[in-house]
Amino acid sequence: MKFLPLVWAGLWRRPVRSTLTALCIVIAFVLLGLLEGVNAGFARAIANAHREFLITNTRVRGSPPMPMSALAILRSMRGIAEAAPRAYFVANYRDPSPNSSVVLLATYPDLFFHLTAAGLKVTPSAVAALVHTRNGMLVTPPMLTQFGWKVGDTIPLQTTAVKTDGTTTWTFELLGTFDTPNSPTPSYFGVMNYDYFNDSRTADHDTAELFYVRLKDPTRATAMAAAIDTAFANSSHETRTRSQEQRAQAQAKQMGDVELFTDAVIGAVLFTLAFLTGNSLRQALEERAREFGILKSVGYSDGRVLLLAFAEALLLCLPAAALGLIIARLIAPLAREDIGSIVVSGRVAAAGLLCAAGLAFLGAALPASRVARMPITAALGRG
Amino acid sequence: MMRQIPVLTAMSVRDIPRRLGNSLVIVVGIAGVVVVLIPVLAMYLGFRATLQGDGRPDRAIVLSRDATSEDGSSLSRDAVAEILHAAGLRRDARGNPLASAEVVLAAPVARLGDHSDVNVTLRGVGPEYFALRPELRLVAGRMLRTGTQELLVGAAAQSQFAGLQVGDRVRLPQGDWTVVGVFAGGNGARESELIADAQTLMSAFKMDTFNSLVVALDSPSAITTLRNAIVQDERLTVTVSSEPQYLATASDPVNHILRLVTYAIGSIMALGAVFAALNSMYSSVVKRATEMATVRAIGFSGAAIAVAVLIEALLLALIGAAIGVAISYGAFNGVTISTLGGAVYDSQLVYSLTIAPRLVLSAVALACLLGLAGGLLPAIRAARANIPTLLHEN
């Protein structure tokens, strides 16, 4: 501890250089924190997706929805605990512009909330109310705000397609809300009863665009997904079943190999930084060769001099890196709206600090060992 | 002063080997920025250029009114028939409109690079598709025969995804569909797609509505005529946009993310590089303090010294830019990638990264700017050096 003033004084011998080097480190670690945050965000989205939840979809996207008879087949399969249909209800509130469009998932609400890995938060009483109110709906809080709705409102929605009664107006009772705590961006959707939608629609009667499936045994996800697709192979509606985990993974990959890209940028940044910090430390240590010679002549061992040099490097790198990571954490929410998952977590910070320590050692290794090994007479002879 | 600057600059440049490590900091710092920024920019520009590459103002796309993109739109056969009678459409000698009513689907394929599951756009098109899009041409195999289950594959899609060679069979509902030909051209998103005959596809999939209708206009201004004819019609509930206009809005979400990433990473790295350049030039100036005081003492002006320092920073920045451009050109030019961005919600867009002269120029301009920003304060410091103190100190 008594060396701290010595190390500190060494660092501030050239205040401008030390400050600039520290600023570079701060900035590099802001970038590193953000990019690693993106990676961590994707990893977390993937880890969050439980294996027991599958989604059975049509194999070719955009093809007609599947018949409800598929639900009975799914429920009869051994290994499947529950299954529920989902149809997509799209309507407009007031004017027919895309900004006023309302998306509701038409499903069996009592099952639906147990069948997604999205971790939707809803009270049992809200679900019970929806089950008992045929034309009820639950929506996310952002949607309430968007349209200025209140729980208890009766809400008319317009569709382009005609209902069985010849009109295009659907009336809903807004019964309550549910939260989407795992979603990084605000969610705008609601849940309605499948039967209300199905009984009144004229097109695609008795169909669902996909089925949610929950397995009894999560370890059998891959085998069960294949078994479901085999059961519907060569039928008029071939399926493609994937766990929600696989879907998240595939989506991350399709964004264009995010991880590879962020890793490449981080690599370039760290290389540049290592070069800069190394150069800065080299100058700082070499300029003070004479001081180190004096320290040795009053009894400091080579090892202790080496230690002093490394301590100085660490003192330069670690606080600057920590500051950079803190800034990254503070500005990460600004990017969340656009990028989606970005989490500057404790793990990202720990990895970042480890990186900074590595950088300090790497940058100081060569000049420090040179100074430590330099004979006292040579060192004292230096300017 | 004009005579002093070249002398001082030559002196600085000759002195660089003595403080090589220091000078390399600028070079490496700026090369790092350029190496990262060029491919990101190339990705952003390549994506945008490819997405909008097909757009021609004398073509228009009709969608249902509640839709913002093709896959969310639905047009009945009756509506399509009615629109084809509207004014403003380009017609052939027999009075038939040049148009293609289309359906878009997404078929699962494997990406060649990493074998990941992705979707490729499968577009059902009308018989006039190639007449409507003269920029596309068949480069291998033959055209589609109506009524049989056949596919044509875009050259870009073929290069990125497995199982799309001529003669390959693609498993879709109602059995296998055979790839009979390859089309290319247009520098746009069409090459990322598979196409089939719309009627055959719709009967195989038991679909009875189209997604979109693409029409050729008499002239770009005829879109107003067409719009007046069909958008006013309350029974149709459709919207019409010119192709460039539609492609510009359709590309927005992904484009937005790419732009954000480009500018965020770019500006953070640029700021870092300025600090690196400042550091390096500052150290140089400090190291050469005696030398600078000496030349000041023998009559060189402070301004000339400052300019010489700036020129040195600029030269080093340019060397960094050149290295950065060379590395990114070697590693990324002509590389073809595929990401989300196809016509259907989660289908792929294939595009290539081109390190165009414009890109190189902007990288060089940025490097100069960073070099100057980094050199300015040290230059002023060098010019203001107090001669007696410096000469005395050392």
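Here are some short exercises on a predicted two-chain model, each with a worked solution.

Before you start: residues are numbered from 1 along each chain as its sequence is written, while chains are lettered from A and ligands numbered from 1 in the order in which they are written. Because the model is predicted, local features need pLDDT of at least 70 and side-chain atom pairs count only at pLDDT 80 or more, whereas totals for chains, interfaces and linings use all residues.

**Exercise 1. Take stock of each chain.**
Task: find how many helices and strands chain B has, and what share of its residues is buried.

Solution.
- Step 1: Chain B holds 13 helices and 14 strands. Helices (H or I, at least four residues) and strands (E, at least two) are DSSP runs, numbered from the N terminus.
- Step 2: Of its 394 residues, 48% are buried. A residue is buried if 20 or more other C-beta atoms lie within 10 Å of its own, exposed if 12 or fewer, and partly exposed in between, with C-beta atoms placed from the backbone.
- Step 3: The C-alpha trace of chain B spans about 95 × 45 × 35 Å along its principal axes. Its radius of gyration is 30 Å, where a compact globule of 394 residues would have a value near 21 Å. This radius is taken over C-alpha atoms, and the globule rule is 2.2 Å times the number of residues to the power 0.38.
- Step 4: For chain A, the tally is 14 helices and 11 strands, and 42% of its 383 residues are buried.

**Exercise 2. Explore the largest nonpolar core.**
Task: name the residues that touch the most other members of this core.

Solution.
- Step 1: A nonpolar core is a set of buried Ala, Val, Leu, Ile, Met, Phe, Trp, Tyr and Cys residues joined through C-beta atoms within 7 Å.
- Step 2: The largest one has 175 residues, and Leu31(A), Ile30(B) and Val34(B) touch the most other members. Helix α2 (residues 20-52) of chain B gives the most to this core, with 19 residues.
- Step 3: A second, separate core of 47 residues includes Ala70(A), Tyr108(A), Phe113(A) and Phe172(A).
- Step 4: Now look around Leu31(A). Beyond its neighbours within four places in sequence, Leu31(A) is in contact with Val269(A), Ile265(B), Ile268(B) and Met269(B). Contact means that the C-beta atoms of two residues, placed from the backbone, lie within 7 Å.

**Exercise 3. Describe where the chains meet.**
Task: work out which helix gives the most to the side of chain A that touches chain B.

Solution.
- Step 1: Across the two chains, 43 residues of chain A are in contact with 49 residues of chain B.
- Step 2: α2 (15-48), α9 (244-254), α10 (258-287) and α12 (302-339) of chain A each supply at least two residues of this side. The most come from α10(A), with 11 residues.
- Step 3: By class, this side of chain A has 22 nonpolar, 13 polar and 8 charged residues. Here Ala, Val, Leu, Ile, Met, Phe, Trp, Tyr, Cys and Pro count as nonpolar, Asp, Glu, Lys and Arg as charged, and the others, Gly among them, as polar.
- Step 4: For a close-up, pick Val265(A) in helix α10 of chain A. Val265(A) is buried, with 21 other C-beta atoms within 10 Å. Setting aside neighbours within four places in sequence, Val265(A) is in contact with Leu35(A), Val36(B) and Ile265(B).

**Exercise 4. Find the two sides of a helix.**
Task: decide which residues of α8(A) are buried and what covers them.

Solution.
- Step 1: In helix α8 (residues 221-231) of chain A, the buried residues are Ala221(A), Met224(A), Ala225(A) and Ile228(A).
- Step 2: Viewed down the axis of α8(A), these fall within an arc of 105 degrees, so they line one face of the helix. The arc is that of the directions from the helix axis to the C-beta atoms.
- Step 3: On the other side of α8(A), Ala223(A), Ala226(A) and Thr230(A) are exposed.
- Step 4: The cover over the buried residues includes β1 (53-58), α3 (69-76), β10 (210-215) and β11 (239-243) of chain A.

**Exercise 5. Follow one covering strand.**
Task: identify the antiparallel pairings of β10(A) with β1(A) and β3(A).

Solution.
- Step 1: In β10(A), 5 of its 6 residues are buried.
- Step 2: β1(A) and β10(A) pair in the antiparallel sense over 5 bridges, and Asn57(A) has Leu210(A) as its bridge partner. Two strands pair if DSSP finds at least two bridges between them.
- Step 3: Strand β3 (residues 80-92) of chain A runs antiparallel to β10(A), joined by 6 bridges. Ala83(A) has Val213(A) as its bridge partner in β10(A).
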